[in-house]
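Trainee: Could you take me slowly through one part of this structure, the sheet, and then show me what else can be described with the same care?

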Amino acid sequence: VNATGTAQADVLIDGETIAAVLAPGSTLLGFDLASNVDQVVDATGKYVIPGGIDAHTHMQMPFGGTEASDTFETGTRAAAHGGTTSIIDFVVQYAGENILEQYNLWQEKAAGQCAVDYGFHQILSDVQDSSLTAMDELINEGVTSFKLFMAYKGVFLSDDGQIVKAMQKGAENGALMMMHAENGSVIDLLVQQHIERGETSPFYHGTSRPWQAEEEATHRAIMLANLTGAPLYIVHVSAKQAVEQIAAARDNGQNVFAETCPQYLYLSLEDQLGASSEEWGDFEGAKWVCSTPLRSKHEGHQGHMWQGLRTNDLQVISTDHCPFCMKGQKDMGIGNFSKIPNGIGSVEHRMDLIYQGVVMGEISLPRWVELTSTTPARMFGIHGKKGVIQPGADGDVVIYDPNGHTSIGVDKTHHMNMDYSAWEGFEIDGHVDTVFSRGRKIVDDNSYLGKKGDGAYFKRGLSQYLI
Ligand code: URP
Ligand code: ZN
Ligand code: ZN
């Protein structure tokens with residue numbers, strides 16, 4: 001299965017690369033394949049897909065007074081189990097830090113640790129003049145996309161002038177500008193008002209970040225990109241009104257792209273409000289505190305995300321994998337939801353959760369591959385090596401069994417370093433059987449055969465969506 005369609009085929013992997021894709025039973029230079037290769041893997045009745053590419057993860061990210069609980073080692077191993085063979089993580093710059101130093105630091109963190117291949121985006125918080133020249137240097141290092149924030153004052157937020165400055169640079173050097181589009185001042189005020197009224201439970205995380213704050217910031221980001229000519233990619237979209245802004249900009253001919261995440265397809269604010277347990281009471285809802293937040297199902301956002309994925313108003317599905325444990329991390333926000341570290345862990349389940357969209361009839365089989373692998377590869381400049389099953393591509397190949405089954409839960413299918421699962425109880429009509437990363441079999445029938453350090457850094461080119 002490629003993004004372009006499906007066919008019955010034999011896939012020949014030689015060393016780290018795909019050497020040929022042949023009609024079943026073909027001979028190569030007169031040799032019968034099956035009896036002349038070291039190993040034959042029978043995938044009859046199963047889908048052979050390019051390995052998943054999760055273009056939005058935060059392994060061991062220092063954030064919210066703690067650090068995301070998956071290391072590069074545990075997070076990429078979990079990714080491998082779930083059929084994801086590439087991640088693009090974020091180098092973090094907090095205000096005052098030097099982005100080249102931060103980039104080197106992140107390279108050190110990941111070196112020798114990863115189970116699958118990895119690349120980096122760079123977060124820009126305060127847009128220093130020195131960062132602008134450093135952006136050119138980072139592009140030479142294969143970091144060709146930069147994330148800006150319209151929320152998180154004092155942590156990441158850039159003001160509109162700083163955003164324009166960075167976008168002008170992106171327009172000049174071709175970097176893709178990524179945006180966390182939520183109106184931070186509005187959110188900060190609503191948070192403060194909730195807390196003053198004694199409304200402190202996790203549910204109010206969602207009501208303090210209403211769709212209007214996402215729509216407004218999405219529109220503003222689009223206009224600033226329009227002003228500067230920079231290509232724009234909106235991350236973790238959850239509001240249907242934000243999708244409408246993105247669709248309108250695309251119809252207008254602007255280079256605007258966007259991703260959504262599994263949580264915005266399957267989970268709602270009402271799920272969070274209704275969540276309660278003996279252990280945590282209504283603080284149970286902290287498990288799903290992420291930004292942008294889960295949205296009300298009565299407003300139809302979830303269905304609109306599926307629609308946008310079908311019609312290409314949304315082009316990519318990433319996880320925004322940013323896991324925190326309940327004990328010792330999320331529980332910092334008991335009595336004040338704004339102190340709950342923001343993030344959900346899903347890197348292991350993205351391929352399964354979106355395959356379930358095929359089962360439900362929301363998207364087609366090739367579209368599943370396109371959203372989770374091929375388009376992320378093209379969007380972030382690694383297509384050809386990644387995101388496709390064709391001669392010359394890396395041997396990143398997943399055998400997916402549509403007749404298999406996956407039960408998700410912290411005591412079931414779970415390799416992420418978390419003390420709970422945001423996806424507890426989800427049942428998937430499909431299963432990741434075998435995973436190859438650059439030709440090596442790293443997962444076979446739920447067992448991990450790889451080792452840390454198998455994964456290598458990939459330098460990315462400019463987005464292949466831009467001329
Ligand atoms: O809740 C989230 N999304 N945490 C990760 C940081 C970000 O904004 O992507
Ligand atoms: Zn964000
Ligand atoms: Zn993120």
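Mentor: Let us begin with the open sheet of five strands, whose order is S5-S16-S19-S20-S21 and whose pairing is antiparallel; please keep in mind throughout that this is a predicted model. At the edges stand strand S5, residues 47-50, and strand S21, residues 447-448, and each has a single partner strand, so one side of each is left without a neighbour in the sheet. If we follow the edge at S21, we find that strand S20, covering residues 440-444, is joined to S21 by two bridges and that these strands run antiparallel. Within that pair, Asp444 has Ser447 of S21 standing opposite.

We can turn from strands to helices with the same patience. Two packed helices are described by the angle between their axes and by the distance between those axes. For helix H7, residues 211-228, and helix H8, residues 240-251, the axes come within 8 Å and cross at roughly 20 degrees. Because angles under 35 degrees count as roughly parallel, H7 and H8 are therefore roughly parallel to each other. The crossing in which H7 passes H8 is right-handed. On the H7 side the contact is made by Trp211, Glu214, Glu215, Thr218, His219 and Ile222, while H8 contributes Gln241, Ala242, Gln245, Ile246 and Ala249. Sorted by class, the residues of this contact of H7 with H8 are five nonpolar, four polar and two charged.

Finally, look at ligand 1, which is surrounded by residues that include His58, His180, His236, Cys290 and Asp320. The shell around ligand 1 consists, by class, of two nonpolar, six polar and one charged residues.

Note on methods
Residues are numbered from 1 along each chain as its sequence is written. Chains are lettered from A and ligands numbered from 1 in the order in which they are written. This is a predicted model: local features need pLDDT of at least 70, side-chain atom pairs count only at pLDDT 80 or more; totals for chains, interfaces and linings use all residues. A residue is near a molecule or strand if its C-beta atom, placed from the backbone, lies within 6 Å of it. Ala, Val, Leu, Ile, Met, Phe, Trp, Tyr, Cys and Pro count as nonpolar, Asp, Glu, Lys and Arg as charged, and the others, Gly among them, as polar. Axes are lines fitted to C-alpha atoms, for helices over the stretch in contact, and angles run from 0 to 180 degrees between N-to-C directions. Helices (H or I, at least four residues) and strands (E, at least two) are DSSP runs, numbered from the N terminus. Angles under 35 degrees count as roughly parallel, over 145 as roughly antiparallel, 65 to 115 as roughly perpendicular and the rest as oblique. A crossing is left-handed if the near helix is turned anticlockwise from the far one by less than a right angle, and right-handed if clockwise. Two residues are in contact if their C-beta atoms, placed from the backbone, lie within 7 Å. Two strands pair if DSSP finds at least two bridges between them.
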